[in-house]
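Me: Please take a close look at a single part of this structure and explain the terms as you go.

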Amino acid sequence: MNRRTFLTTTAVGLVALASGVAQARSISGAVPWEAFAGEPPTPVTPGGWHFFQPREVVLMEAIVDRLIPADDLSPSGRDCGCVVYVDRQLAGSFGEAARLYMKGPFLPGLPTQGYQNSLTPAGRYRAGLAAFDKAVSDTFGGRFETLSPGKQDQALSELETGKLKLSGKVDGKGFFALVLENTMEGFFADPVHGGNRDMASWKMIGFPGARYDYRDWVDQHDKPYPRGPVSILGNIVQAKAG
Amino acid sequence: MTTILPKKDVVIIGLGWTGSILANELADEGLDIVALERGPWRDTATDFNIAYMQDELRYAIRKDLFLHASEEAMTMRNNTSETALPMRDYGSFLPGRGVGGAGVHWNGHTWRFYDSDFELKSHLTERYGADRLADLTIEDWGVTGRELEHSYDRFEQLAGISGKAGNIDGRIEEGGNPFESPRKRDYPLPPNRMPYGPALFADAAKSAGFHPFPTPAANLSQNYVNPLGVAMGQCSYCGFCERFACANYSKSSPQTCVLPVLMRKPNFELRSNSDVRKIELAKDGKTARGVTYVDTSGREFFQPADLVLVCAYALHNVRLMLLSGIGQPYDPATGEGTTGRNYCYQTNAGVTVFFDDKNFNPFIAGGAIGQTADDFNGDSFDHSALDFVGGGGINCIPTSGRPIQHRPVPKGTPKWGSAWKKATKEAYQSTLSFGVQGSSYAARGNYLSLDPTYKDRYGVPLLRMTFDFPDNDIRMSHYLSDRALEIAKAMGGREIAEARRDKSWNSVPYQSTHNTGGAIMGSDPTKSALNKYLQSWDVANVFVIGASAFPQNAGKNPTGTVGALAYWAADAIRNQYLRNPGKGLVG
Ligand SMILES: Cc1cc2nc3c(=O)[nH]c(=O)nc-3n(C[C@H](O)[C@H](O)[C@H](O)COP(=O)(O)OP(=O)(O)OC[C@H]3O[C@@H](n4cnc5c(N)ncnc54)[C@H](O)[C@@H]3O)c2cc1C
């Protein structure tokens, strides 16, 4: 029985008691309320890798540094925590496709039917990074991280357009799209998830983040919003500090 | 082993918008009611936390509050010559799950359909001739807009809708939608204040000859106490509306409008985490005995009841009917059968204007806070010289600046690297998008059925959707996109990018959770599953409430009409059915 269910049993009845799984709840005559019933996010802390293996870390860091290069607008993807972000996502429910329908038969579909492969996101990274590593070495005469930035961009572009073919079960184009999508999530999501360090992307574009009240600003048309961003992570740190 | 529970007067399947309205109305009749909801209990004070609700990744991208495909997926194909495959992740639409249903994480555009929408087939046939409708299977609803007026009003009052009437008893009101059908009184709250984007849109639309007005919104412009005595707060334009729950008590939902009253009624019981699998029929096939459901540990229960209200969201309503053998399944080859018939959607298109010098602050936004021009919606314009029927609302309702999803860049921009970054930064503050929300008219080949191959976690067939945009709707959408372009040009931006609607329906990118039809209401039992009171023609003690009852969809969001139909059905049950239980209310 998880904490949430345990707490709720005091306020409401359970329809039937069997094993330790959450049961149907019966609620009548009152609006249930329990303290701490919500599920706040657990902040990601950098340090160590939960999914990526050492070789994969080297590759991923080199890749995200080309997808989001350091320049006068923001630090690099790696320095913003994008690889940490993707690592934690792949180690969790996203990586194991917990929310996807994963029953067969797996048949090649039409583009309108969406992704139809039996690999989970974690499986796609594992196979995709290895295949990309090999394809780059074979085609560009050196490992990805040793290539010049120009050559690295070329390798990524060729993966993006399907020119660079990957061996095995992995569709290279689809794999690139997945890596790009996850990298951008890491760059733009709340820092609580491990990326967007110091809210770098939000400062770059002028997004105020987790603010919740713009009533005094809604009709100040065509004027830059004056306040900097805040994050959920900040809210949590503040709450802990009391 | 199935545990048989004590009988109830009424069992309600699903506690979203329709379930909570029906439950509250029927509880006032003193009936003993149980609602079975497959998701968890959720409430503002406990679950919609203002310290962490603004988490785009968790709620908008990982879809924390939604139904996940792992729990129940659906299959899709564009036509009967294709093999349907499962949508392994929900994309094009996102069904709700849990107490409050999709009412928790909707945007809040709250429309009334036009009177002509309810008598669509007769109206269009009379005006343009039957030939014009040859490729379509549109129908009249059996209920008229005038009959529904009071029910619309009740939903608007319940939800504290903020807007401006355009037509009160035939008198055109300044500031509202001049094409609106007559209503008896104004919205309960005035419109919201407009952020810069919609304000600019309104000016441009007026200069181009359109009649823009504030979109009726379930994001409250002021504090409000609804007729049930439930208090709500003013919207703070936070920009975390669609896909999120409101932590402010400012967006109308079952939680903010109904549940505080309903949950306290002693003759109402909610069982959450209770997934209804089937409506059980008596041997004659004409009476429902109750429903079978399972809890999250897999234990099965039979809940007997005299009256079964199916309020599980349009698509789930239809699947439950098909699984339970209610009505004859529709067959597109013969055009016969009723359950699954006339599945429709929404035909959307968009346009984006890039400026050099503007500052829109796109994050100052609400789910429905914006402007609409309805000059080309429904039959508000003359189609005589045109090659289609239907229309759409042109809506400038910038709902958020959340940057994982909202990052407009001009055409030709690379997707990554320094050039991408520069373009992203430049466009973020200075770009405005608006859209066309077009009608979706029924066609013979678009329908819902059970999938022959793919099963849910209990081994029961998934729902199969067969759908593509009918040619009529594609022509309509292009015509509307041309109109939207006129407004875009009047804005005087640097560059315009269009997103026009073409075939085929793609299940991956998000479009709209406005799935309609499949268990439609009407006056002909061979063409509709329900009579005009949303009562099954085949099983008289089953009412099926939701957008599944729409014979076709208008160029408007459905929930205003869904809420009205909930009150309409509740009145029919209270005032007619309960006097003569088990009997059909029509014919
Ligand atoms: C992202 C998003 C934005 C939207 N924006 C708008 C908008 O701006 N304007 C508008 O008009 N509409 C909008 N909608 C649509 C709107 O939310 C729905 O029209 C409305 O919620 C429908 O009410 P309902 O009662 O039919 O279904 P819901 O409110 O979804 O309730 C159905 C309930 O039934 C439960 N259920 C399903 N199957 C079972 C089962 N087998 N057993 C037990 N319980 C079950 C579900 O878990 C759910 O809680 C939006 C929807 C989404 C997802």
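Reply: What follows starts with one helix and moves on to the ligand.

This is a predicted model, in which local features need pLDDT of at least 70 and side-chain atom pairs count only at pLDDT 80 or more, while totals for chains, interfaces and linings use all residues. Residues are numbered from 1 along each chain as its sequence is written, and chains are lettered from A and ligands numbered from 1 in the order in which they are written.

The part is helix α1 of chain B, residues 17-27. Helices (H or I, at least four residues) and strands (E, at least two) are DSSP runs, numbered from the N terminus. Ten of the eleven residues of α1(B) are buried, so this helix is largely enclosed by the rest of the structure. Buried means that 20 or more other C-beta atoms, placed from the backbone, lie within 10 Å of the residue's own. Among the buried residues are B:W17, B:G19, B:N24 and B:L26.

Helix α1(B) also supplies at least two residues of the shell around the ligand, as do β12 (274-281) and α13 (559-575) of chain B. In total, 42 residues surround the ligand, each with its C-beta atom, placed from the backbone, within 6 Å of the molecule. The closest are B:G14, B:G16, B:G101, B:N557 and B:T559. By class, the shell has 15 nonpolar, 21 polar and six charged residues. Here Ala, Val, Leu, Ile, Met, Phe, Trp, Tyr, Cys and Pro count as nonpolar, Asp, Glu, Lys and Arg as charged, and the others, Gly among them, as polar.

Methods. Buried ≥ 20, exposed ≤ 12 C-beta atoms within 10 Å, placed from the backbone.
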